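Here are my notes on the model you asked me to look over. I have kept them to the ligand sites and the helix packing, as numbered points.

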Amino acid sequence: MTPTILKLGGSVITEKDRAETLDGDALDAAADAVAAAMECGDVSDLILVHGGGSFGHHHASAAGVTTTEGTDAAADAVAIHGAMKTLNQFVLSRLHDRGVPALPVHPLSAGARNADGGLDLPLSQAATMLGEGFVPVLHGDVIATEGEGVTVLSGDEIVTTAAASLSAERVGLCSTVPGVLDTDEEVIPEITAYEDTADALGGSDAGEDVTGGMAAKVRELLDLGAPASVFGPDDIGAFLAGDGPGTTIRGDG
Ligand SMILES: Nc1ncnc2c1ncn2[C@@H]1O[C@H](COP(=O)(O)OP(=O)(O)OP(=O)(O)O)[C@@H](O)[C@H]1O
Ligand SMILES: C=C(C)CCOP(=O)(O)O
C-alpha cells in the first residue's frame, strides 16, 4: 500500500481571521474534488489531514501554546482539542454527504512527544482503515509532550510523519495560495533548498497561526524523503489525478 496524503489547509476550509468560523463553500469544493477523484478511480488509498485555521489556532494563541511552548492546564488543552474535533466533524460530515467513507483519527489520543521534541505517532489505525477501504482524516491537535504538558502538533508535521511511516507515494498540501510565491508573487515551480526562497518566505497572512505559516511548511517538506506539492484549492483535483500543480518541494530527506 502506497497512500496519497492530502492536507487541507486550515486557512482554506475556515475563515482564519474569525474565531471558529468555517468556510463552508471552500470545504464543499474540497469535498467535491475528493469525492470526484475517488469515484473516477484517480485515487484509492487516501489519507486526509486538515489544519487548524480559526478553530485550533485561535484557542492555541489565546492559551499561549505553540509547537514548543506547552501548557499543563487541562482546560486549555481541551479547548484546543475540542475546537479541532469540531472542525474535524465538519470535514467528516461534508465528506460523508458525498459518499466518501471518512473516519476520524485524533492525534492527542494516539501519540506523544519526547523532551527533545521527537514525535511518536503510531499510525497502524490509519493503515488498517486504508486496508478496509476507509479514508482516515487526521488533524492538527495538541499532543502530550514530556516536560511541557501539551504542545501543538501541526497538520504539516502529521503529513510528513505519516508520509515517512506509511511510505506515501504522493504528498500534497493545499493552502490558500497557488504555490510558494517568490518576491514578485510568482509561483516558484520547484524548491530544493530553504536558502533558495528564504527571502520570500513568511508566516501566515491569514490570521492567527502558531505553527509558522509557509516558512515552517517549506522547512518541514524539505526534510521529507519524497517530493511534495504545495498548491491552491483549485488544484486539488489535478493533484489527486496525478499532476504536480503549484510548487514541488524536493528535499534530500
Ligand atoms: N512566500 C510565500 N508564498 C506563499 N505563501 C506565503 C509565503 N510567505 C508567507 N505565506 C503565507 O503562508 C500562508 C500559508 O500558511 P498557513 O499556515 O496559513 O497555511 P495552511 O496550512 O493553509 O493553514 P493552517 O496552518 O491553518 O492549516 C499563505 O496563506 C500566506 O499568507
Ligand atoms: C493549532 C492547532 C491545534 C493545529 C495546527 O495545525 P496546522 O494548522 O496544520 O498548523
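1. How far is an oxygen atom of ligand 1 from an N or O atom in the side chain of S11? In this model, which is a predicted one, the separation between that side-chain atom of S11 and an oxygen atom of ligand 1 is 2.5 Å. S11 also belongs to the residues that come nearest to ligand 1, together with G10, A200, S204 and K217, out of the 25 residues around this ligand.

2. Two other contacts of ligand 1 deserve to be checked in the viewer alongside that of S11. T176 places a polar side-chain atom 2.8 Å from an oxygen atom of the ligand, whereas L181 contributes through its backbone, with an N or O atom 2.9 Å from a nitrogen atom of ligand 1. Taken alone, ligand 1 exposes 640 Å², and 94% of that area is buried by the protein.

3. Ligand 2 is surrounded by 15 residues, of which K7, G52, H57, G155 and T211 are the closest. Side-chain contacts are made by K7, where an N or O atom is 2.8 Å from an oxygen atom of the ligand, and by H57, where a polar side-chain atom likewise lies 2.8 Å from an oxygen atom of ligand 2. G155 takes part through a polar backbone atom, which is 2.7 Å from an oxygen atom of ligand 2. Of the 320 Å² that ligand 2 exposes when taken alone, the protein buries 98%.

4. Helix 3, covering residues 53-63, packs against helix 4, covering residues 74-97, with the two axes 8 Å apart and at an angle of about 170°; because angles over 145 degrees count as roughly antiparallel, that is how helix 3 and helix 4 are related. On the helix 3 side, the contact is formed by F55, G56, H59, A60 and A63, which meet a set of helix 4 residues that includes A79, I80, A83, L87 and F90. Sorted by class, this contact between helix 3 and helix 4 has 9 nonpolar, 3 polar and 1 charged residues.

5. Helix 6 (residues 155-165) and helix 7 (residues 213-222) have axes that come within 10 Å and cross at roughly 10°, and helix 6 is therefore roughly parallel to helix 7. Here D156, E157 and T160 of helix 6 meet K217, E220 and L221 of helix 7, and by class the contact has 1 nonpolar, 1 polar and 4 charged residues. K217, on the helix 7 side of this contact, is also one of the residues that come nearest to ligand 1.

Note on methods
Residues are numbered from 1 along each chain as its sequence is written. Chains are lettered from A and ligands numbered from 1 in the order in which they are written. This is a predicted model: local features need pLDDT of at least 70, side-chain atom pairs count only at pLDDT 80 or more; totals for chains, interfaces and linings use all residues. Side-chain values use heavy atoms; hydrogens and water are left out. Axes are lines fitted to C-alpha atoms, for helices over the stretch in contact, and angles run from 0 to 180 degrees between N-to-C directions. Helices (H or I, at least four residues) and strands (E, at least two) are DSSP runs, numbered from the N terminus. Angles under 35 degrees count as roughly parallel, over 145 as roughly antiparallel, 65 to 115 as roughly perpendicular and the rest as oblique. Contact means heavy atoms within 4.5 Å. Ala, Val, Leu, Ile, Met, Phe, Trp, Tyr, Cys and Pro count as nonpolar, Asp, Glu, Lys and Arg as charged, and the others, Gly among them, as polar. A residue is near a molecule or strand if one of its heavy atoms lies within 4 Å of it. A polar contact is a pair of N or O atoms within 3.5 Å; within protein, one must be able to donate a hydrogen and the other to accept it, and residues adjacent in sequence count only if both atoms are side-chain atoms. Accessible areas come from the Shrake-Rupley method with a 1.4 Å probe; for residues, only the protein chains shown count as cover.
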